[in-house]
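Welcome, and thanks for taking a look at this one with me. Please open the sequence and the 3D view side by side before reading on.

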Protein chains: 2
Amino acid sequence: SESKADILNVADYDVLPDGGDCTPALRKALEKCRESGATTLLFPEGRYDFHPDLAEEIYLYISNNDEGLKRVVFPLVGFENLKIDGQGSEFVFHGFISPFLVEDSSNITLTNFSVDFDRPFHSEAIIIGWDEDGMEVEIPQQFPYEVRNGLLTFTSGEKETGPLTTVSKGTVYGSGHMLEFDTEKRETAYMARDYYFKTTASYPVKKLDGRKVLLRIPNLVGTPGNTLVFGPNHRKHPGFVLTRSSDITFESVTIHHAGGMGILGQLTHNISINNCKVTPSNGRMLSTTADATHFVNCTGYIKLTNNLFENQKDDATNIHGIYAQVTRKTAPNQILIQLKHRQQHGFDLLRPGTEVEFVTGKSLISYGRGIVKEFNRINKEYMQVTLEEEAPAELVPGDAIATIRDYPEVTIANNIIRNNRARGMLLNCRGKTVVENNTFHTPGAAILFEGDAFFWFEQGGVTDCVIRNNIFENCLFGVWGKAIIDVKAGIHERKEESRYNRNIRIEDNTFRVFDDTPLLNVYCVDGLTWKNNTVEKTDAYSPTPRKFDAFNVTYSDNVSIDTKNPY
Amino acid sequence: SESKADILNVADYDVLPDGGDCTPALRKALEKCRESGATTLLFPEGRYDFHPDLAEEIYLYISNNDEGLKRVVFPLVGFENLKIDGQGSEFVFHGFISPFLVEDSSNITLTNFSVDFDRPFHSEAIIIGWDEDGMEVEIPQQFPYEVRNGLLTFTSGEKETGPLTTVSKGTVYGSGHMLEFDTEKRETAYMARDYYFKTTASYPVKKLDGRKVLLRIPNLVGTPGNTLVFGPNHRKHPGFVLTRSSDITFESVTIHHAGGMGILGQLTHNISINNCKVTPSNGRMLSTTADATHFVNCTGYIKLTNNLFENQKDDATNIHGIYAQVTRKTAPNQILIQLKHRQQHGFDLLRPGTEVEFVTGKSLISYGRGIVKEFNRINKEYMQVTLEEEAPAELVPGDAIATIRDYPEVTIANNIIRNNRARGMLLNCRGKTVVENNTFHTPGAAILFEGDAFFWFEQGGVTDCVIRNNIFENCLFGVWGKAIIDVKAGIHERKEESRYNRNIRIEDNTFRVFDDTPLLNVYCVDGLTWKNNTVEKTDAYSPTPRKFDAFNVTYSDNVSIDTKNPY
Ligand SMILES: [Ca+2]
């Protein structure tokens, strides 16, 4: 039982739900918390507003999100044994600001609050019509914008003062992606495809009446009345970043929005997310602007239980490691390596003593191991690594290394995953992985296994994975995946011998399908059992011509499927 | 005389002019230089190429340029007594890379080399024609670009592999500014105006034949055959950054290009730039993409002698201090202050013991002083400052502070300044300032005095300034300034009493003018003498209707002009 001294009530430090900026007072409350060793930071129920002006600034490398100098409202750096209890409070963030960082901390519990942004990082518009030259849309009041010089730019809505100059910025909510959502069903539109734009902030338009504009972009298509979601051109402000920490618990936390992923855990030991929600607020179509959760080079356990993950602009989770590419051998026991994916730059991959595996770049064959003796970080991208012993003789530039570690045990149970862009779960973890009693309604694959060492550089390859008692509810009504369960791998050479995912059991699940939806794709797998699963037909969507069979198995060994093609 | 041990020849460290990337070998040579205490780093004559891949990475705050994490090729941090002698070498930089940083160093000489970029940060196109909806241009081979989804994006020319994804970047040479140059005269086009675009990287276009595009931007105008210069949307990579250093000498250095200013000195004591050039290479219209040189909160002396500054995208120099805005008084001896201009963020303005002046925000009256006792940097933008004594009673939010310091003595002599965008010199330094024997051919004011505490936040106000024996050659053929010598100040209230610039003598200069060009504008000045200057008429350009008289004097005291309106 907690004594009064263990509890620090933020109201005692002028953190008040009064509409003012709580950031500076919270900063003092957190300092006090650290000094006093309080174990609970308690928020009286209310709406707390946080602005970036007086926030602490930290340069963060956040895997699969964007690095940079961030204003962080809750910088939980070097804390031990702390619970932040919102008692049902709403935390509302304003502008370009990062809600939570948990770094070099242990035994942290986050509970009973919601996270939202006043002005989300994405924007939305209603489709009015289109032809081959462009699309007419109307932009709701909630998403401020301006048109200048033929360019549409989403803004904070604050008025720019004076003419444009070399230092004009205002606050631009830059966009680089569009995707159509079904306004009625509140999910990605049937078979909608992504529109990506190379590094831009603005779109070419013609201003029309009121809040209507003509997007002067050829070949956009969509259904009038549907919602065009403009994804941000960055992932600068994920909701929660966990790095080099341990025993982190989320309990009854709601994430309405984040400028990037909802929760990103990296190099962290034991993470539990229970009874949480990722869900949009204020009638918005989108919740987080990237994955709901995502875990990189974590250890111990990862538990996702009893959660709702909906309407995020990417997968519900992805659990993987990182491959660094070998640039060249610089001595018999020395290699130069590069973090190739720009959202992996700066990742704290190696320590002296770290065990690494050597992997071929295009065939993903793990052909040797080594121990890091020392390394020299040249910059966020390159490292010179000295090994305890000589590197394998067969090592060539373009091969990759990744760490051998205490791969986490993964439990994904009793969650609802729906209406987001892309896939449900990406399972790329070598620890025991159990996925049970979940309901999936995803436009892409509900469950994807991948991993490659030449494009995304994500280390995967399950070794013990059970998928059971789940309901797959009309999945694959979009374009992201070949089958409801899609077991892939980035293997482009030596397919006959390379086996990446192993020992997958798919049992007692129910697949509700609206057409001859491919159920299972299996590529370069050793050991997979499909047993006692039920397939039911629905009329949820129009059927679509499918290129693949219900079961598609290639370059695999020891695959057992207990049923015939059900279609 | 130098002993052999004092000279480190880079060739001995495999820094070779062989077309390969010299960055990593140079890094080792510089380490060796530091260890050995060598006083000369010698380059055998040749072309040395530098790529960013293996460069050292440093987060830099660079006043009037863009902060950020930079790859720095010559990181001269903590060096004493070093000469870098290129012996006539060319240093060619590739990609997003910062050539030189001189930080916490003293007695550094840079000599006998040129700096250029393989692919400049700006781009150019030839104007073919225009109407009210847009302008047709043709883009020379030297400036790679692509058109995708109706957007023109300048690129590095490297082929993007695969489809666009969330991590697609390639190398984008983003632009946010356009300005027409006269192709024949190689200067900004007669009376051309800037086109600014809010935070963008790309422009709306229609692709035409070959390397032609139609810029779908209303109201662009220009003369067919002239050159439209696309300025970058950043100032990330100035050529030379000098910070907290002393006794820095440039001798016979040529800067062909930089992604920002050529030389930016901040908080540095004694800078000499002699016999140097800022001039474009390879037939390009632009040299540096911002000012040739620029000095902020420097001390000691600044000498610019015998230089050529041409075709830079902004002024030849600007010498000033920084005002921080007072957000509020937080205790009788404590204030919260903000660096308002985003390109001043992170500036290392104060130390315990620093003397500061208090200034009214809109009238620029310096009404009190104080000494900094301690300060707490909240982030790059805000600081909490505790003073030795109470702040002045009249202090209100919106006032500003700046430092009182050993303002530098400025000598600007025997330079040629021409064909750049905007002005020649911005003289905003309280130390003795002598400008003599220079030739100016600038589209804006040749010499501007300004300073304000509410927009640019640049501390100025000369106290002893002589401008003599200069030739002003057909200046003001563009739009940047009210007179050839324009003595302004950001004073919007209390004009009757506020006097900002003092004791200016303009003597024995020759003004060649192509029309009734205003010679002198004087606003809120105490003490100015115009004596023995010659005005000659030319027919260099068509005359233009001028709004101002030859001499325009308002809200000033002790102004003496020895001649009548010459027109
Ligand atoms: Ca408050």
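Here is a short briefing on how the chains relate, where they meet and how some of their strands pair.

The model is predicted, so please read every value below as computed from it. Chain A and chain B are related by a two-fold axis, and they touch through 48 residues of chain A and 48 residues of chain B. Each chain also holds a closed barrel of 6 strands, described for chain A and for chain B.

**How the two chains are related**

- Two copies of a chain are related by a rotation about an axis and a shift along it.
- Here, a turn of 180° with a shift of 0.0 Å along the axis lays chain A on chain B, with an RMSD of 0.0 Å.
- That combination is the relation of a two-fold axis.
- The same surface serves both copies, since 100% of the contact residues of chain A recur in chain B.
- Which residue of chain A comes closest to the rotation axis? It is Pro204(A), whose C-alpha lies at 2.5 Å.

**Where the chains meet**

- The size of an interface is often given as the accessible area lost when the parts come together.
- Between chain A and chain B the buried area is about 4500 Å², and carbon and sulfur atoms give 58% of it.
- The contact involves 48 residues of chain A and 48 residues of chain B.
- Across this interface there are 2 salt bridges.
- Arg71(B) forms a salt bridge with Glu381(A), and their closest N and O atoms are 2.8 Å apart.
- Polar contacts between chain A and chain B amount to 14 residue pairs, counting those with both residues at pLDDT 80 or more.
- On the side of chain A that touches chain B, the elements giving two or more residues are β4 (56-60) and β5 (68-77) of chain A.
- The largest share of that side, 3 residues, comes from β4(A).

**The barrels**

- Strands of a sheet pair through backbone hydrogen bonds, either parallel or antiparallel.
- In chain A, 6 strands close into a barrel in the order β28-β29-β32-β31-β30-β33, with antiparallel pairing.
- From one strand of this chain A barrel to the next, the twist averages 50°.
- Within chain A, strand β29 (residues 334-338) and strand β32 (residues 382-387) pair in the antiparallel sense over 5 bridges.
- The bridge partner of Gln334(A) in β32(A) is Thr386(A).
- Chain B has a closed barrel of 6 strands that runs β28-β29-β32-β31-β30-β33, also with antiparallel pairing.
- In chain B, strand β28 (residues 324-331) and strand β29 (residues 334-338) run antiparallel and are joined by 5 bridges.
- One pairing to find in the viewer is Ala331(B), whose bridge partner in β29(B) is Gln334(B).

**Parallel strand pairs in chain B**

- Strand β25 (residues 299-305) of chain B runs parallel to strand β34 (residues 409-413) of chain B, with 5 bridges between them.
- Tyr301(B) has Glu409(B) as its bridge partner in β34(B).
- β34(B) also pairs in the parallel sense with strand β37 (residues 433-436) of chain B, over 4 bridges.
- In β37(B), Thr433(B) stands opposite Val410(B).
- Strand β42 (residues 471-473) of chain B is joined by 3 bridges to strand β45 (residues 510-513) of chain B, and these two run parallel.
- Thr510(B) in β45(B) stands opposite Ile471(B).
- β45(B) and strand β48 (residues 534-537) of chain B pair in the parallel sense over 4 bridges.
- Opposite Arg512(B) stands Glu536(B) in β48(B).

**Salt bridges and a loop residue in chain A**

- Over all chains, the whole structure has 54 salt bridges.
- One of them links Asp104(A) and Arg244(A), with the closest N and O atoms 2.9 Å apart.
- Asp104(A) lies in the loop between β7 (98-103) and β8 (106-117) of chain A, and Arg244(A) in the loop between β19 (240-243) and β20 (246-255) of chain A, so the pair ties together parts that are 140 residues apart in sequence.
- Where does Ser156(A) sit? Its place is in the loop between β12 (151-154) and β13 (175-182) of chain A.
- Beyond its neighbours within four places in sequence, Ser156(A) is in contact with Pro144(A), Thr171(A) and Tyr173(A).
- The side chain of Ser156(A) reaches the backbone nitrogen of Glu158(A) at 3.2 Å.
- Ser156(A) and Gly95(A) are 61 residues apart along the chain, and their C-alpha atoms are separated by 7.7 Å.

Notes: Residues are numbered from 1 along each chain as its sequence is written. Chains are lettered from A and ligands numbered from 1 in the order in which they are written. This is a predicted model: local features need pLDDT of at least 70, side-chain atom pairs count only at pLDDT 80 or more; totals for chains, interfaces and linings use all residues. Side-chain values use heavy atoms; hydrogens and water are left out. Copies are superposed by least squares on the C-alpha atoms of residues with pLDDT of at least 70 in both. Contact means heavy atoms within 4.5 Å. Two strands pair if DSSP finds at least two bridges between them. Buried area is the accessible area (1.4 Å probe) that two parts lose on being put together, summed over both. A salt bridge is a side-chain nitrogen of Lys or Arg within 4 Å of a carboxyl oxygen of Asp or Glu. A polar contact is a pair of N or O atoms within 3.5 Å; within protein, one must be able to donate a hydrogen and the other to accept it, and residues adjacent in sequence count only if both atoms are side-chain atoms. Axes are lines fitted to C-alpha atoms, for helices over the stretch in contact, and angles run from 0 to 180 degrees between N-to-C directions.
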